[in-house]
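Please study the sequence and the structure shown below before attempting the exercises. Each task is followed by a worked solution.

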Amino acid sequence: DVLSNLSDLNMDIRLSLLFYRDHGDEYVTLKYDFTTNIDSQILNLSKQNADGGGDWEEAVDIAYDEVTKLSWGEDSVKIMFHVADAPPHFHKYNIGLFAQSIRTLAQKGVRIIPIACSGIEITTEALYRIAALYTGGTYTYLTDHSGIGHDHHESVTGATIVEFLNKMIIRLVKEYCTGEDIEPVS
């Protein structure tokens with residue numbers, strides 16, 4: 001839905017996917033580099049499911065490091081959507097790699113848009129807000145309005161506008177591509 005609605009931008013869309021789990025799971029990261037073959041990426045996405053875990057934290061730091069190695073185009077609008085329900089491991093090495101990856105992505109001109117899901121709490125929200133702020137992205141999150149997942153953390157934001165997720169993603173991409181503010185559709 002999102003990709004078909006972005007077709008009116010008349011631009012070449014390249015899509016990459018990176019899935020991550022945690023150490024000891026079936027895989028830590030699974031990467032599909034950028035391609036204009038959107039149908040193949042939709043097929044890759046349809047093959048995924050949530051699995052693994054056992055502890056709360058995940059290999060977010062390794063996933064961000066892998067994202068820095070993707071073939072980001074030089075003269076393009078670069079947006080990274082990070083769907084997350086957990087933080088990286090809270091060890092010095094992991095947080096360091098996470099922070100370094102955010103700096104590298106910012107240098108490449110990549111805007112990070114976290115989409116926080118159930119499981120997020122205040123510390124994780126702060127980490128993902130920093131990632132969005134440092135890269136010029138937008139921190140976003142699911143609310144209990146979605147009816148998806150467990151109870152969602154009440155974000156520390158002030159005023160909140162509730163949008164359908166796909167409409168919000170389309171709006172943000174269009175804003176970043178055109179430089180124009182677009183009113184949220186609630």
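The exercises below concern a predicted model.

**Exercise 1. The nonpolar core**

Determine which residues have the most contacts inside the largest nonpolar core, and which elements give two or more residues to this core.

Solution.
Step 1. The largest nonpolar core comprises 22 residues. Those with the most contacts inside it are Tyr 64, Trp 72, Met 80, Phe 98, Leu 105, Ile 112 and Tyr 128.
Step 2. Two or more residues of this core come from each of helix H3 (60-68), strand S3 (78-84), helix H4 (92-107), strand S4 (110-116) and helix H5 (122-135).
Step 3. Another core, of eleven residues, lies apart from it; Ile 115, Ile 169, Val 173 and Tyr 176 are among them.
Step 4. As a general background, nonpolar side chains in soluble globular proteins tend to be buried together.

**Exercise 2. The sheet**

State the order of the strands in the open sheet of three strands, and explain why one side of S3 and of S5 is left without a neighbour in the sheet.

Solution.
Step 1. The strand order is S3-S4-S5, and the pairing is parallel.
Step 2. S3 and strand S5 (140-141) stand at the edges and have a single partner strand each, so one side of each is left without a neighbour in the sheet.
Step 3. S3 and S4 are joined by seven bridges. Within this pairing, Met 80 has Ile 112 in S4 as its bridge partner.
Step 4. Neighbours within four places in sequence being left aside, the contacts of Ile 112 include Tyr 64, Met 80, Leu 105 and Ala 131.
Step 5. H5 lies across S3 and S4, and runs at about 155° to S4.

**Exercise 3. The surroundings of H3**

Decide how many of the nine residues of H3 are buried, and identify what covers them.

Solution.
Step 1. The buried residues in H3 are Val 60, Asp 61, Ala 63, Tyr 64, Glu 66, Val 67 and Thr 68.
Step 2. Seven of the nine residues are thus buried, so H3 is largely enclosed by the rest of the structure.
Step 3. The cover over these buried residues includes strand S1 (15-20), strand S2 (29-35), S3, H4, S4 and H5.

**Exercise 4. A single residue**

Is Asn 44 buried or exposed?

Solution.
Step 1. Asn 44 belongs to helix H2 (residues 38-46).
Step 2. The cut-off for buried is under 20% relative accessible area. Asn 44 has 11% relative accessibility, and therefore counts as buried.
Step 3. The side chains of Asn 44 and Gln 41 are joined by a polar contact of 2.8 Å.
Step 4. Beyond its neighbours within four places in sequence, Asn 44 is in contact with Leu 17, Phe 19 and Tyr 32.

Note on methods: Residues numbered from 1 in each chain as written. Predicted model: local features only at pLDDT ≥ 70, side-chain atom pairs only at ≥ 80, totals over all residues. Heavy atoms only, no water. Core = buried A, V, L, I, M, F, W, Y, C linked by side-chain atoms within 4.5 Å. Buried < 20%, exposed > 50% of the residue type's maximum accessible area, 1.4 Å probe, protein only. Helix = DSSP H or I, 4+ residues; strand = E, 2+ residues; numbered from the N terminus. Contact = heavy atoms within 4.5 Å. Pairing = 2+ DSSP bridges. Axes fitted to C-alpha atoms, helices over the stretch in contact; angles between N-to-C directions. Polar contact = N/O pair within 3.5 Å; in protein donor to acceptor, adjacent residues only side chain to side chain.
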